[in-house]
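User: I'd like a close look at one part of this model, set against the rest of the fold. Here it is.

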Amino acid sequence: MVRAPHHIGVRRTDNSSEATLHDMDSMEFNKIAGAVLVAGLIASASGILANLLGQPHELEANVYQVAIADGDAGGAATQEAAAPAGPGPISGLLAAADPSAGEKVSRKCTACHSFDDGGANKVGPNLWDVVGRAKGAVDGFSYSDALKGFGGNWGYEELNLFLYRPKDYISGTSMSYGGLRKEADRANLIAYMRSLSGSPQPLPE
Ligand code: HEC
């Protein structure tokens with residue numbers, strides 16, 4: 001205020017230019033102070049904004065969903081998530097598998113299958129001596145075209161794949177059964193089925 005007359009007035013030489021410089025300095029200072037203030041405001045506003053925007057992300061579901069299959073141990077579930085295409089190989093687990101535990105698992109099948117030598121076909125074919133047998137080979141059972149046409153024998157890994165999820169292995173099969181997701185159940189059951197034979201197939205190497 002004190003200096004106001006200087007810059008309204010006609011531009012004089014020495015003194016006035018000094019005064020103008022001084023004014024410029026304080027204007028610069030104001031500009032800088034203003035800029036700092038604005039920067040501060042932007043920073044805190046963007047902080048608040050980031051918080052607001054950030055929150056929904058935290059609430060979103062995990063992008064990587066881990067499928068937990070019926071009561072499997074965590075390790076097995078993780079394996080499934082990493083390789084959703086199907087089960088890992090079973091051959092290495094058969095030597096240590098427990099056929100009598102497998103017999104208990106086979107109760108899930110007996111509504112549709114008999115397991116004894118010469119047992120009747122039910123909803124599904126008799127399963128005596130099925131390990132190593134050609135697919136779709138039981139006389140008098142009317143298989144689906146999908147299974148009949150599939151080809152090959154029921155080796156250990158074929159049974160493993162089929163029992164894991166029948167319709168994934170033979171799409172169009174008439175076996176209406178969801179499958180056994182637990183590796184130990186499949187290993188024990190296949191070891192039991194192997195024992196149901198006059199001359200059981202050799203265990204895999
Ligand atoms: C709801 C009835 C049903 C249940 C439960 C069932 N199956 Fe089957 N299964 C069938 C039918 C039907 C077929 C014939 C499928 C086809 O022709 O496509 C079959 C076919 C099979 C075959 C192929 C046999 C061959 O001669 O080619 C095997 C092996 C088999 N089942 C094993 C099992 C096991 C082990 C279980 C229990 C974990 C089981 N199934 C549970 C109905 C069933």
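How many helices and strands are there in the protein, and which residues of α6 are buried?

Analyst: Keep in mind that this is a predicted model. The protein has eight helices and zero strands, so along the sequence you just read α-α-α-α-α-α-α-α, with a strand being a run of at least two E residues in DSSP. Buried residues account for 18% of the 205 residues. Of the contacts between residues at least 6 apart in sequence, 50% link residues at least 24 apart.

Now for α6, which spans residues 156-164. Seven of its nine residues are buried, so the rest of the structure largely encloses this helix. The buried ones are Y156, L159, N160, L161, F162, L163 and Y164. What do they pack against? Their partners are α7 (166-169) and α8 (183-195).

Back up the chain, the loop between α4 (99-105) and α5 (145-148) holds D129. Most residues other than glycine have a negative phi. D129 isn't a glycine, yet its phi is positive, about 60 degrees. This residue is partly exposed, because 18 other C-beta atoms lie within 10 Å and a buried residue needs 20 or more.

Then there's the ligand, with 27 residues around it. The closest are C109, C112, G124, S144 and M175. By type, the shell splits into 18 nonpolar, seven polar and two charged residues.

Key
Residues numbered from 1 in each chain as written. Predicted model: local features only at pLDDT ≥ 70, side-chain atom pairs only at ≥ 80, totals over all residues. Near = placed C-beta within 6 Å. Nonpolar A, V, L, I, M, F, W, Y, C, P; charged D, E, K, R; others polar. Helix = DSSP H or I, 4+ residues; strand = E, 2+ residues; numbered from the N terminus. Buried ≥ 20, exposed ≤ 12 C-beta atoms within 10 Å, placed from the backbone. Contact = placed C-beta atoms within 7 Å.
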